[in-house]
Amino acid sequence: AQEWRQRVTARLGGGVVPTVTTFHSFAYALVRHEADPEAFAEPLRLLSGPEQEARLRELLHGAVGDGRLRWPEELAPALGTRGLAAEVRSVVARARALGLDPRDLEAAALLGGPLRPAWQAVAAFLGEYLDVLDLEGVTDYTEVVHRAALLAHDPHVQDGLRRQYRVVLVDEFQDTDPAQVRLLAGLVGPRTSFVVVGDPDQSIYAFRGADVDGILTFRDRFPASDGS
C-alpha cells in the first residue's frame with residue numbers, strides 16, 4: 001500500500017492525493033472515526049496475530065477452568081496448546097468474515113454431527129471473546145473489517161462515505177473475503193465509479209479466509225447503474 005501510495009502521489013505531481021490503503025487500514029480508520037469518544041478511555045487498539053492467539057488461548061483456558069464454558073472431554077488435553085488456539089482463532093475469524101454472530105454459529109453447530117459439542121463450545125466462547133475485546137478496548141483484524149462493514153451499511157454513515165469516495169478501485173480482488181465484499185457493498189453506491197482487478201486462477205489465500213466467489217459473482221453483486 002505504501003509503494004502504491006508513493007507511485008500515485010508521484011504520478012499526480014501534487015494536489016489532493018486520493019486514499020490509498022489496505023482493507024484493514026481503511027476499516028480500522030473508519031471504526032475509530034465513528035467510535036463513541038466516551039466509550040473508550042483510550043483509542044481502540046488493533047491486536048497483532050500473535051497477540052490475538054495468546055489472548056485467545058488464555059481466555060479459553062480460563063473459561064473452561066472457571067466452569068463458564070463446557071468443553072468436550074476428548075478435546076480437554078489440547079486446552080492451553082498453541083495448536084488448539086490456532087484452530088479456534090481460525091473458526092472465530094471465518095465466522096466473523098461470514099458475518100456470523102455467536103447465535104448463528106450455535107445454530108450451525110446443530111448440523112455438526114459428531115463435532116457438534118466442539119462447535120457449540122466454540123460458539124459459546126465466541127460471545128465471551130467478543131465481550132472481553134470490547135471491555136479491553138481492543139479488536140482483531142477480522143473483527144475490525146466486520147464492524148466497518150456494519151458501519152458502511154448504516155444510512156447515517158453510508159451517505160457521507162459515498163459522497164467522500166466517488167471512485168473506488170480494488171486490486172487483487174480474487175483475494176477478498178466476504179466481510180471485505182460486504183464493506184465494499186456499503187461503500188459503493190449507484191453513482192460510484194467502481195473498478196476491480198483480479199484473476200480467479202490466482203486466488204491462493206483461501207487459508208487466510210479469501211473467497212474466490214467474491215470475483216466470480218462480482219457482476220451479480222455489483223450491477224451497473226442501468227441494472228445490467
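This text leads through the fold, the pockets, a surface patch and the salt bridges of the structure shown above.

The structure is a predicted model. Its chain comprises 228 residues, of which 37% count as buried. Eleven helices and four strands make up the secondary structure of the chain. Measured out along the principal axes, the C-alpha trace spans about 60 × 40 × 35 Å.

The pockets come next. The largest pocket has a volume of about 1700 Å³. Its lining consists of 49 residues, and Thr21, Thr22, Phe23, His24 and Gln180 are those that lie nearest the centre of this pocket. Several elements contribute to the lining: helices H1 (2-12), H2 (23-34), H4 (82-97), H7 (141-152) and H9 (178-187), together with strand S3 (167-170), each supply at least two residues. Helix H4 gives the most, with six residues. In chemical terms, the lining of the largest pocket divides into 29 nonpolar, eleven polar and nine charged residues.

The second largest pocket holds about 360 Å³ of space. It is lined by 14 residues, and nearest its centre lie Val188, Phe222, Pro223, Ala224 and Ser225. Here helix H11, which covers residues 218-221, gives the most to the lining, with three residues. Eight of the lining residues of the second largest pocket are nonpolar, four are polar and two are charged.

On the surface, Val167, Leu169, Val195 and Val197 make a nonpolar patch of about 360 Å². Valine 167 is placed in strand S3, an element that also supplies at least two residues to the lining of the largest pocket.

The charged side chains remain to be considered. Side chains of opposite charge can pair when their charged atoms come close. In the whole structure, a search finds eleven salt bridges. One of them joins arginine 45 to glutamate 51, with the closest N and O atoms 3.2 Å apart. Arginine 45 counts as partly exposed because its relative accessibility is 42%, and glutamate 51 is likewise partly exposed, at 34%.

A salt bridge also forms between glutamate 53 and arginine 89, with an N to O distance of 3.6 Å. Glutamate 53 belongs to helix H3 (residues 49-65) and arginine 89 to helix H4, so this pair ties together parts that are 36 residues apart in sequence. With a relative accessibility of 14%, glutamate 53 falls under the 20% limit and therefore counts as buried. Arginine 89, at 25%, counts as partly exposed.

Helix H3 takes part in a further link, in which the side chains of glutamate 136 and arginine 55 meet in a salt bridge at 2.4 Å, N to O. Because glutamate 136 lies in helix H6 (residues 116-136) and arginine 55 in helix H3, the pair ties together parts that are 81 residues apart in sequence. Glutamate 136 has a relative accessibility of 39% and so counts as partly exposed. Salt bridges that share partners, moreover, join Arg96, Asp134, Glu143 and Arg147 into one network.

Technical notes
Residues numbered from 1 in each chain as written. Predicted model: local features only at pLDDT ≥ 70, side-chain atom pairs only at ≥ 80, totals over all residues. Heavy atoms only, no water. 1 Å grid on protein atoms, 1.4 Å probe; cavity = no way out; pocket = protein on both sides within 12 Å on 5 of 7 lines; lining within 4 Å. Points joined across faces, edges and corners; volume = space filled by probe spheres on them. Nonpolar A, V, L, I, M, F, W, Y, C, P; charged D, E, K, R; others polar. Patch = residues over 30% accessible without salt bridge, like charges linked within 9 Å, V, L, I, M, F, W, Y side chains within 5 Å. Areas by Shrake-Rupley, 256 points an atom, 1.4 Å probe, with all protein chains shown as cover. Salt bridge = Lys/Arg side-chain N within 4 Å of Asp/Glu carboxyl O. Buried < 20%, exposed > 50% of the residue type's maximum accessible area, 1.4 Å probe, protein only.
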